[in-house]
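Open the model in your viewer and keep the selection box handy. We will go from the whole assembly down to a single residue, one selection at a time.

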There are 2 protein chains.
Amino acid sequence: MSSKINCLIAQSGGPTTAINSSLAGVIHEAIQSTTINKIYGSLNGIQGVLKDDLFDLTETFHIDSNNLSTLVHTPSMFLGSCRYKLSDPLVNDSDYHTIFQQFTNYNIKYFFYIGGNDSMDTVNKLSAFAVEHHIDVHVIGIPKTIDNDLACIDHTPGFGSAAKYIASSILEIAHDAYIYDTKSVSIVEIMGRNAGWLTAASALARTTYNEAPHLIYLPEAPFSTASFVSDVRTQLEKRNHVIIAVSEGIKDPAGMYISANSTGTDQFGHVMLSGTGKYLENLIKNTIGCKVRSIELNVLQRCASHISSQTDLDEAYELGKNAFRLATQGETAKMVTLTRTSNAPYTVTYDSTDVSNVANVEKCIPREWINEAGNDITQELIDYIYPLIQGEVPITYQNGIPSYLSVEHLFRR
Amino acid sequence: MSSKINCLIAQSGGPTTAINSSLAGVIHEAIQSTTINKIYGSLNGIQGVLKDDLFDLTETFHIDSNNLSTLVHTPSMFLGSCRYKLSDPLVNDSDYHTIFQQFTNYNIKYFFYIGGNDSMDTVNKLSAFAVEHHIDVHVIGIPKTIDNDLACIDHTPGFGSAAKYIASSILEIAHDAYIYDTKSVSIVEIMGRNAGWLTAASALARTTYNEAPHLIYLPEAPFSTASFVSDVRTQLEKRNHVIIAVSEGIKDPAGMYISANSTGTDQFGHVMLSGTGKYLENLIKNTIGCKVRSIELNVLQRCASHISSQTDLDEAYELGKNAFRLATQGETAKMVTLTRTSNAPYTVTYDSTDVSNVANVEKCIPREWINEAGNDITQELIDYIYPLIQGEVPITYQNGIPSYLSVEHLFRR
């Protein structure tokens with residue numbers, strides 16, 4: 001057995017509900033591979049390699065085990081995360097030497113890094129270093145981010161589940177708002193500093209009876225407070241309850257974040273950035289004067305695994321499997337990708353790209369997918385998101401709450 | 001058919017995910033009754049009676065219809081709501097004359113009002129007026145409120161579903177918070193101005209691997225900011241990530257709402273009540289200085305029907321059915337109730353009480369169910385809530401989002 005080689009997986013960046021499905025996909029292929037002896041997981045991303053915080057996952061997960069299927073449905077990152085940026089090796093290569101020494105110590109030939117933009121930068125640097133120094137370690141990136149802002153891929157794992165949560169929540173918020181016969185405005189603040197994909201997903205809450213959200217504002221279109229108040233007034237003439245979806249990252253025509261305008265002071269006299277939704281709530285209160293409420297979906301939009309998209313988790317799993325295959329085929333410095341080959345019926349193919357094409361590039365919504373007034377999205381954008389939120393996941397509940405996995409619980413007690 | 005009598009149902013107060021299940025329960029019994037001709041629904045509570053905004057529900061709902069089962073799972077109030085308080089009839093009885101004239105016009109003999117405290121006041125006043133004026137109309141109240149603060153009932157419909165949402169969300173937030181190896185504090189603000197039942201439900205997020213929430217603060221125990229900061233410091237010595245559940249209604253020892261202390265000013269120079277969670281977030285930032293985030297569960301805790309408690313919806317349905325039976329047995333001025341007869345296995349019996357015992361009374365958590373330090377709850381309270389969040393509902397999804405019913409859609413297009 002000692003002649004066999006080992007592989008290592010780590011996760012990095014912000015949470016999604018799909019990132020553990022990709023982890024499970026890699027584990028699935030690695031278990032089935034005849035060349036792999038041990039499957040290691042690194043705690044807290046690349047930091048776990050530097051700190052020698054590795055777990056042997058091999059015995060815990062079997063193809064048909066409850067653990068593997070529970071891992072698929074577990075939110076956030078089973079192996080923890082980090083926000084660690086590797087130095088340019090020309091400036092300081094000490095981390096690189098530590099990391100590759102660790103790979104030698106553990107006989108690791110394949111390293112899989114599941115993450116977003118910054119994680120692909122790590123994949124890029126490590127694989128380049130390995131090639132340059134003729135080190136036989138293959139480094140493959142697996143994409144994830146709720147923000148859907150990665151280049152070279154039709155959409156990112158994690159986005160579809162967050163989109164499903166957002167659309168479902170907006171519908172439920174609409175039911176909640178519609179009950180009184182007095183005028184009201186509800187402002188729902190959705191994640192996205194520069195890319196509005198998540199906020200756009202709110203449009204999928206529209207049904208035969210629900211037109212909410214009635215207004216949608218994205219970071220990709222300049223935001224004018226005057227137009228906003230005017231838009232809300234127009235909507236309030238048409239209906240009692242106006243529901244608005246707004247990205248946290250909307251910016252004024254000068255490029256300043258609207259949230260940065262919120263110059264309240266807290267109980268200590270410190271300037272308080274109260275957030276985009278709260279700012280707009282005050283704006284409506286002080287201009288129109290009707291009942292107004294702001295709702296921040298906050299972290300639940302990225303961790304509510306109980307309402308994940310089955311399509312999203314399936315794709316994330318498949319990408320994990322493909323990453324393993326790619327590595328064993330001798331590839332390195334790649335990120336696995338998927339391409340939409342048809343929208344109705346929805347089909348995708350799996351492929352890969354040089355990770356250098358992805359690292360540090362941000363994909364935003366094309367302006368032509370936003371309406372001219374900058375307060376709604378087009379049907380093309382709805383059609384693009386629609387297939388990604390389809391399918392419900394079979395969550396197991398224990399004692400009335402979802403049953404998930406914890407690395408601490410499995411490996412540390 | 002014209003010799004048969006009709007019944008009327010209305011909903012009032014704030015939304016829950018169980019209130020439509022009680023409506024469905026009344027409809028279920030009324031359909032099966034041989035004495036009932038038409039089942040009317042009043043739009044926006046008692047206001048719909050005053051404004052002649054009644055719908056004939058009889059044809060739309062059948063016992064085995066999709067409509068009736070979808071109604072059970074639909075959040076908020078299908079018939080809309082109001083916050084309308086009837087005058088003392090000795091002061092002004094004009095509303096009473098209008099209402100009972102309407103009942104005569106529509107041949108309504110049974111009126112069912114589903115709501116909380118204030119709605120039971122309406123039931124109380126209308127039934128007393130009918131008795132005093134020898135009007136043959138039976139008025140029965142059906143309880144609901146997420147706050148669980150009604151007297152004479154073991155727990156209120158709507159509470160169990162909100163509790164399940166809160167416990168599940170806290171677990172998912174814990175997964176989200178645990179990923180980094182740096183210190184952090186997450187403060188989750190939960191509804192409840194005077195009663196802490198909902199915040200107490202956060203304790204049901206605890207599992208074999210998750211001890212969050214690590215601190216719980218309720219309106220029933222006086223809140224000291226000094227003790228709070230000290231509690232958080234102690235927790236941060238034991239673990240990296242501290243998760244705190246706090247009622248919006250916590251008060252200082254003088255009885256002042258903590259949220260009322262938040263004296264920031266907004267962009268218009270107006271005093272801004274930023275909310276309890278935000279206030280405590282600033283407090284931790286300015287005293288301890290670690291990473292801190294506040295999360296307001298907001299309206300989703302009362303409208304996220306996709307994760308309702310089956311136990312809760314079943315009980316709400318049964319209470320609706322019992323209300324109908326009670327009315328046809330000649331009762332009036334009653335609220336249907338349930339009593340817990342055993343906790344393991346969990347069993348309840350259904351009964352009723354004079355609505356005058358319930359109206360305008362508020363049930364809070366007994367002090368002995370809160371720990372001495374006032375920062376956690378006892379096992380008795382956990383045992384009390386535990387059965388109420390059990391069971392998952394079979395939600396149907398359409399186009400990736402939950403399938404619900406809308407009165408506008410069914411009756412107004």
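The stops below run from the pair of chains to domains, helices and one side chain.

**Stop 1: both chains.** Before you start, note that this is a predicted model. Colour chain A and chain B separately. Chain A falls on chain B after a rotation of 180 degrees with 0.0 Å of shift along the axis, and the RMSD is 0.0 Å. That is the relation of a two-fold axis.

**Stop 2: where the chains meet.** Now select the contact between the two chains, which takes 60 residues from chain A and 61 residues from chain B. On the chain A side, the elements that each supply at least two residues include α6 (159–177), α9 (276–287) and β11 (291–296). Which element gives the most to this side? Highlight α6(A): with 9 residues, α6(A) gives the most. Colouring the side of chain A that touches chain B by residue class shows 26 nonpolar, 25 polar and 9 charged residues. Because 100% of the interface residues of chain A are also interface residues in chain B, the copies meet through the same surface.

**Stop 3: the domains of chain A.** Hide chain B for a moment. Select 5–145 + 305–359 + 391–411 for domain 1 of chain A, then 159–303 for domain 2. The C-alpha centres of these two domains of chain A lie 34 Å apart. Where they touch, 13 residues of domain 1 are in contact with 8 residues of domain 2 in chain A. The domain 1 side of that contact has 4 nonpolar, 8 polar and 1 charged residues.

**Stop 4: helix α8 of chain B.** Bring chain B back and select residues 225–238, which form helix α8 of chain B. At 1.5 Å a residue, the 14 residues of this helix should span 20 Å, and the end C-alpha atoms are indeed 20 Å apart. Show side chains for B:Phe228, B:Asp231 and B:Val232, the buried residues of α8(B). Look down the axis of α8(B): its buried residues fall within an arc of 95 degrees, so they line one face of the helix. An α-helix has 3.6 residues a turn, so residues three or four places apart point the same way. Turn to the face away from the buried side of α8(B) and you will find the exposed residues B:Ala226 and B:Glu237. To see what covers the buried residues of α8(B), add elements of chain B including β6 (184–190), β8 (241–247) and α9 (276–287).

**Stop 5: helix α5 of chain B.** Next select residues 117–132 of chain B, helix α5. Its 16 residues reach 23 Å from the first C-alpha to the last, close to the 22 Å expected at 1.5 Å a residue. Buried residues of α5(B) include B:Met120, B:Val123, B:Leu126 and B:Phe129. Among the elements of chain B covering the buried residues of α5(B) are α4 (94–105), β4 (108–115) and β12 (334–343). Step just past α5(B) to B:His134, which takes a positive phi of about 50 degrees.

**Stop 6: B:Ala163.** Is this last residue buried or exposed? Centre on B:Ala163, in helix α6 (residues 159–177) of chain B. B:Ala163 is buried, with 29 other C-beta atoms within 10 Å; the cut-off for a buried residue is 20 or more. Leaving aside residues up to four places away in sequence, B:Ala163 touches B:Leu198, B:Ala201, B:Leu204, B:Ile385, B:Leu388 and B:Ile389. Finally, draw a distance from B:Ala163 to B:Asp383: they are 220 residues apart in sequence and 13 Å apart in space, C-alpha to C-alpha.

Conventions
Residues are numbered from 1 along each chain as its sequence is written. Chains are lettered from A and ligands numbered from 1 in the order in which they are written. This is a predicted model: local features need pLDDT of at least 70, side-chain atom pairs count only at pLDDT 80 or more; totals for chains, interfaces and linings use all residues. Copies are superposed by least squares on the C-alpha atoms of residues with pLDDT of at least 70 in both. Two residues are in contact if their C-beta atoms, placed from the backbone, lie within 7 Å. Helices (H or I, at least four residues) and strands (E, at least two) are DSSP runs, numbered from the N terminus. Ala, Val, Leu, Ile, Met, Phe, Trp, Tyr, Cys and Pro count as nonpolar, Asp, Glu, Lys and Arg as charged, and the others, Gly among them, as polar. The expected span of a helix is 1.5 Å times one less than its number of residues. A residue is buried if 20 or more other C-beta atoms lie within 10 Å of its own, exposed if 12 or fewer, and partly exposed in between; C-beta atoms are placed from the backbone. The arc is that of the directions from the helix axis to the C-beta atoms. Domain bounds come from an automatic or database domain assignment.
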